Amino acid sequence: HRLFVQAGQGRLLLAEYEGRLLAGLAALGMGGGGGTACYMYGASSGGGRELMPTYLLQWEAMLWAREQGCLTYDLWGVPDADEETLEAGFTSRSDGLWGVYRFKRGFGGRLVRTMGAWDLVYAPLRYRLYALALALRERAAPGARQGL
């Protein structure tokens with residue numbers, strides 16, 4: 001919060017209804033010169049889902065990004081499949097990140113592939129233990145890692 005929100009480079013948005021917290025979203029962006037804002041994290045409860053609070057939060061984050069001078073808003077992350085496969089399966093699949101893709105696709109825009117996220121390892125032994133735990137978890141329940 002202190003690093004980004006107070007510096008004007010981030011926004012924390014919360015959706016409430018009748019005193020109940022339904023969803024939250026953290027967005028980061030640097031707009032000077034037409035930069036990009038991105039959706040970093042979000043969470044929602046099962047209650048109030050029919051009110052679609054996550055859609056409102058994303059819209060508000062996009063409006064905030066535009067106010068900051070950002071020309072793009074990156075929704076960050078879809079299933080690792082080519083665009084043809086994504087378009088063929090977004091209405092019928094719900095495993096892994098497919099529900100996320102369906103949600104994000106509803107905002108329009110375009111699919112842009114980047115090199116993805118990489119880990120910068122500060123503690124190699126601990127990281128190897130972490131990677132081993134993820135591999136064991138994936139072996140026990142395929143697709144579980146995508147839900148992290």
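**Reading Lys104 and the sheet**

Mentor: The side chain of Lys104 reaches the backbone oxygen of Trp76 at 2.6 Å, and also the backbone oxygen of Leu75 at 2.7 Å; a polar contact is a pair of N or O atoms within 3.5 Å, where within protein one must be able to donate a hydrogen and the other to accept it, and residues adjacent in sequence count only if both atoms are side-chain atoms. This is a predicted model, in which local features need pLDDT of at least 70 and side-chain atom pairs count only at pLDDT 80 or more, while totals for chains, interfaces and linings use all residues. Residues are numbered from 1 along each chain as its sequence is written, and side-chain values use heavy atoms, with hydrogens and water left out.

Trainee: Which side chain of opposite charge is nearest to Lys104?

Mentor: Side chains of opposite charge can pair when their charged atoms come close. Here the nearest one is Asp74, 7.0 Å away, and Lys104 has no salt bridge although it is buried. A salt bridge needs a side-chain nitrogen of Lys or Arg within 4 Å of a carboxyl oxygen of Asp or Glu; buried means under 20% relative accessible area, exposed over 50%, and partly exposed in between (1.4 Å probe, protein chains only). Lys and Arg count as positive, Asp and Glu as negative, and His and the chain ends are not counted.

Trainee: How many salt bridges does the structure hold?

Mentor: The structure holds one, in which the side chains of Glu87 and Arg105 meet at 2.8 Å, N to O. The pair links distant parts of the chain, 18 residues apart, with Glu87 in helix H2 (residues 83-89) and Arg105 in helix H3. Glu87 counts as partly exposed because its relative accessibility is 32%. Helices (H or I, at least four residues) and strands (E, at least two) are DSSP runs, numbered from the N terminus.

Trainee: What is the order of the strands in the sheet?

Mentor: Strands of a sheet pair through backbone hydrogen bonds, either parallel or antiparallel. In this open sheet of four strands the order is E1-E2-E3-E4, with mixed pairing; two strands pair if DSSP finds at least two bridges between them. E1 and E4 (72-74) stand at the edges with a single partner strand each, so one side of each is left without a neighbour in the sheet. Eight bridges join the antiparallel strands E1 (residues 10-17) and E2 (residues 20-29), whereas E3 (residues 36-44) and E4 run parallel, joined by three bridges.
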